[in-house]
Amino acid sequence: MTIFNPKLEKIEQSNKNYWCERIFAQLKYAVKLAESFEKNYDKLLKHVQDFLIAEFQENGVIGKKATIKAEEMMMELSNDAKKYKMICAAHAHIDMNWMWSWDETVSITINTFRTILKLMEEYPNFKFSQSQASVYEIIEKYNPDMLEEIKRRVKEGRWEVTASTWVEADKNMPNGESMARHLLYTKNYLSKMLEIDPATLNIDFEPDTFGHSRNVPEILAQGGVKYYYHCRGYQGHNLYRWQSPAGSSVLVYREPIWYNASIQPEMVLYLPEFCQKHNLDTMLKVYGVGDHGGGPTRRDLNRIEDMKQWPVFPQIEFGTFADFYKLAEDKKENLPVVDKELNFLFTGCYTSQSRIKMANRVGENTLNEAETFDTIAALSFNCNYPSQEYISAWKNVLFNQFHDIIPGSGTIETREHAMGLFQETMAIANNRRKLALESIASNIDTSGLLTESQDDNSTAEGAGVGFGVDKFQISQTSRGNGKERIFHIYNPASFQREETVEITIWDWQGDTDRLLVKDAEGNKILHQLIDEGFNNYWGHDYLRLLIKSSVPACGYNTYLISEIDDYVNTPYPTDP
């Protein structure tokens, strides 16, 4: 079997120049080629290597003349060499606020894209791919003139949009609703802004994501995403079908080299083995400076243009991810199937920064609850549904699911910005939750529940506006007066719940020993006072009690607080 002569390895180490690199790269590729095609190139390649060793011994250098001569000696290998092709897809990995603040993220995004657009003017064959809807929103907001240039390059087919998620998100901690929203908002936003078919947004590009849950293929497939690219996590196959427990799958390319990379001749040495293993004639090479932006360099583009001309080398082309996945699609049914999670990478990448993780889960849950009640109010009572507010709030949640934000692996600036977005999210979610509940309450007929006239001199109205709103809750501001008070208990869950609920009653002047709780049908409800007496809050009295409440799925129940009527002796229910 042909080998690369160890003497040449020493020459290569001591003779760093373009021509030496060029001919040695072709020799190494030819050795891999011989293995791939099972052809005997031994005699020819040994002859070439002996020639180069002699040339170096005589002149002390491998220069242009020797390289051209050696290439002429290997010309009969050229046809086989060109049977393989490497598609070079450029990208720029832009981390959202990893080791820096938001203003710097904006700056590096704009500077990176300016570099790309300038390179496109200089290199007419150059193509570029960019993920993450959030970076396009940065351009739209902070440099709209540049957006028009990008749109033009997209229409030319030279700027590929590989974004199907709002950010390159973690795939473990976000819930299923968040993963679906990534797809929904990204497809809607980019297809309209860039004037492209949403069906073309079918690649989930996640090179740096630390973990990938088993349910990801199901959500992606149901959302119209067919292809997945990753580098970290699973260390098995490089090209495979990733299948969910329900049976849906996506075609996956796991980066065999590294995604933040430059163009080097050594990259083609993986090509013959990869192609033979997967019955393809093409491999994908992803390149570009990353993390803090940057993208491909002029040196990378020059090398691609130059290596195209090397006679004993594969075809090397500027291309896109879609170019490669289209070829791999034809081989999909014969690829290995992986049906497990693709976890984990890095000890400690999921850090103890619990506030960001708390913010993510509270944001997800509160928005889900608020939207449930807002939907009920809109469908039942023709109330206005504030879709744009919810989109804005959800985008904050999705942004904070970036793979260096939600695990907590960023700096203090990262965390400060994330918690600021969380506060914006909760302002929208809690306000909309409160307004929706008030809309529903205003349409509940309680006219038959009150028996006493209301006291106009009561001080209860408005009491508790600033009370009890910690832990991201909405306040129980009192709207009643007199000794009879009405409370509505809501259940946002999709199943009936029977639980103990805490109620705060403001400025109630009744006898707590005679306090009575009834439901809308007049049934007595078990209750327990938490406070021994009344508490004082800014000139208002309040007391707290627990009631045993039963509320249907996505519904409500109404409860009346009053004093015991001496003439009514209905017993309390007893627990079975």
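**Close-ups: a pocket and two cysteines**

**View 1. Helix α7 is the top contributor to the lining of the second largest pocket, giving five residues.** Keep in mind that this is a predicted model. The pocket shown here, the second largest, has a volume of about 320 Å³. Its lining is made up of 13 residues, and those closest to the pocket centre are W102, E137, K141, N396 and L421. Three elements each put two or more residues into this lining: α7 (133-142), α15 (387-399) and α16 (412-442).

**View 2. Here's the same second largest pocket, with its lining sorted by class.** The tally runs to six nonpolar residues, four polar ones and three charged ones.

**View 3. C383 has no sulfur partner in reach.** How far is the sulfur of C383 from the closest cysteine sulfur? The closest one belongs to C554 and sits 17 Å away, which is too far for a bond. For a pair to count as a disulfide, the two sulfur atoms have to be within 2.5 Å. Is C383 buried, partly exposed or exposed? With a relative accessibility of 24%, C383 goes down as partly exposed.

**View 4. C554, seen from its own side of the gap, is in no disulfide either.** The nearest cysteine sulfur to C554 is the one in C383, 17 Å off. C554 lands in the partly exposed class because its relative accessibility is 36%. With the 2.5 Å cut-off, the disulfide count for the model is zero.

Methods. Residues numbered from 1 in each chain as written. Predicted model: local features only at pLDDT ≥ 70, side-chain atom pairs only at ≥ 80, totals over all residues. Heavy atoms only, no water. Buried < 20%, exposed > 50% of the residue type's maximum accessible area, 1.4 Å probe, protein only. 1 Å grid on protein atoms, 1.4 Å probe; cavity = no way out; pocket = protein on both sides within 12 Å on 5 of 7 lines; lining within 4 Å. Points joined across faces, edges and corners; volume = space filled by probe spheres on them. Helix = DSSP H or I, 4+ residues; strand = E, 2+ residues; numbered from the N terminus. Nonpolar A, V, L, I, M, F, W, Y, C, P; charged D, E, K, R; others polar.
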